[in-house]
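Here is a protein model to read alongside its sequence. Keep both in view as you go.

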Amino acid sequence: MCIRDSAGIWRFDAEKIGQTQKDGELYASGLRSIVALEWNSADKHLYSVVHGRDDLTRLWPNKINQWNSALLPSEEFVRIEEGDHFGWPYCYYDQIQGKKVLAPEYGGDGNIIGRCDQYKDPVIGFPGHWAPNDLVFYSGDHFPKRYKNGAFIAFHGSTNRAPYPQSGYFVGFVPFKDGKPSGEYEVFADGFAKVDPIVSVKDAVYRPMSIAFSPDGSMYIGETVTGRIWRIEFKGEREKFGDEVENKKFEVLKESVLDTTELKTFNNIIKTLETDIKENIEGLEAYVTLNNIQPKNISKLLTMSYAFENNEFY
């Protein structure tokens with residue numbers, strides 16, 4: 001296949017049937033593997049998350065060491081305008097150095113820039129191999145204001161980060177303001193793999209894949225190992241969002257890990273947190289760890305509080 005016929009985005013006439021690729025207009029190029037493509041209605045631009053390549057050290061052990069190969073190349077979050085070229089296959093983005101570098105197939109050694117200064121950089125470079133598989137800009141009002149127009153990204157998780165453990169099985173969030181990321185990416189929902197460390201991809205119980213929002217504002221996350229779907233909703237005072245108590249009120253409707261008695265116990269802990277967050281945070285952490293739920297940095301992140309409605313599991 002000719003490189004001119006791949007690794008790009010083509011625009012087609014939505015009113016015309018029976019089209020082939022030749023009927024389309026090349027819109028952007030140099031994009032290795034796009035799984036998610038999303039229009040940002042707030043700034044009227046197209047965005048995508050792009051999978052980077054694998055096997056740098058396996059193919060080029062004399063140029064790229066195994067430690068760098070485990071973290072590179074970046075998974076790119078890109079803002080796409082007509083005529084953009086992002087450098088594939090000649091270059092890849094190194095999020096550690098904050099620049100595009102020449103691929104070893106074209107004379108690169110992990111540091112040489114070469115022709116790569118002529119290609120467009122991503123708005124964010126995520127660590128390598130995390131596999132961002134879905135992207136949704138949040139335009140609703142159900143979640144607190146800080147999430148408005150921000151980007152939710154489902155990371156499917158890595159398969160080859162040796163010598164490090166596998167990583168990236170979570171849903172992330174990138175805040176936006178005035179059409180640009182207004183802060184670093186953050187973990188929104190974690191603990192899907194249910195093991196830590198994740199030695200092999202086969203050890204992961206769940207792998208996030210897709211994100212959707214319902215008309216009532218609830219968020220749905222789907223995964224690929226068993227086909228499970230979670231619903232996430234905000235229950236709290238939006239204007240107070242940001243303090244430690246309110247950050248405990250995102251609820252993920254229950255999977256069948258806990259029985260009804262355990263759920264009541266867990267929900268009582270959540271209620272107790274509202275009156276004394278500091279004294280009970282260690283107890284909450286212990287409970288979550290004991291039941292192998294394992295959301296990380298629980299005092300900092302939005303806790304995945306496993307709840308139920310009308311004794312029905314979703």
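This report walks through a disulfide, the strands, a cavity and some unusual backbone spots.

This is a predicted model, in which local features need pLDDT of at least 70 and side-chain atom pairs count only at pLDDT 80 or more, while totals for chains, interfaces and linings use all residues. Residues are numbered from 1 along each chain as its sequence is written, and side-chain values use heavy atoms, with hydrogens and water left out.

**The disulfide**

The structure holds 1 disulfide (a pair of cysteine sulfur atoms within 2.5 Å). Cys91 and Cys116 form it, with their sulfur atoms 2.0 Å apart. The torsion about their S-S bond is about -95°, so the disulfide is left-handed. Cys91 sits in strand β6 (residues 91-94), and Cys116 sits in the loop between β7 (99-102) and β8 (124-126), so the pair ties together parts that are 25 residues apart in sequence. Strands (E, at least two residues) and helices (H or I, at least four) are DSSP runs, numbered from the N terminus. Both Cys91 and Cys116 are buried. Buried means under 20% relative accessible area, exposed means over 50%, and partly exposed is in between (1.4 Å probe, protein chains only).

**An open sheet**

In what order do the 4 strands of the open sheet run? The order is β3-β4-β5-β8, with antiparallel pairing. Two strands pair if DSSP finds at least two bridges between them. The edge strands are β3 (34-40) and β8, and each pairs on one side only. From one strand to the next, the twist averages 20°. (Axes are lines fitted to C-alpha atoms, for helices over the stretch in contact, and angles run from 0 to 180 degrees between N-to-C directions.)

**Strand β10 and its neighbours**

Is strand β10 (residues 151-155) buried or exposed? 5 of its 5 residues are buried, so β10 is largely enclosed by the rest of the structure. In a regular strand the side chains alternate between the two faces of the sheet. Ala151, Ile153 and Phe155 are buried on one side of β10, and Phe152 and Ala154 on the other.

Three antiparallel pairings can be set side by side:

| Strands | Bridges | One pair of residues |
|---|---|---|
| β3 and β4 (45-50) | 6 | Ala36 and Val49 |
| β9 (132-137) and β10 | 5 | Phe137 and Ala151 |
| β10 and β11 (171-174) | 4 | Ala154 and Val171 |

**The largest cavity**

The structure holds 2 cavities of 30 Å³ or more. About 130 Å³ of space lies in the largest cavity. On a 1 Å grid over the protein atoms alone, a cavity is a set of points where a 1.4 Å probe fits but cannot get out, and lining residues have an atom within 4 Å of a point. Grid points are joined across faces, edges and corners, and a volume is the space filled by probe spheres set on the points. The largest cavity is lined by 15 residues, and Arg32, Val50, Glu76, Trp88 and Cys91 lie nearest its centre.

**Unusual backbone spots**

Most residues other than glycine have a negative phi, and most peptide bonds are trans. The peptide bond from Leu72 to Pro73 is cis, with omega near -5°. Another cis peptide bond joins Ala162 and Pro163, with omega about 10°. Pro163 lies in the loop between β10 and β11.

Asn149 has a positive phi, near 70°. It is partly exposed, at 28% relative accessible area. Asp178 has a positive phi of about 55°, and at 73% relative accessibility Asp178 counts as exposed.

Note on methods: 1 Å grid on protein atoms, 1.4 Å probe; cavity = no way out; pocket = protein on both sides within 12 Å on 5 of 7 lines; lining within 4 Å.
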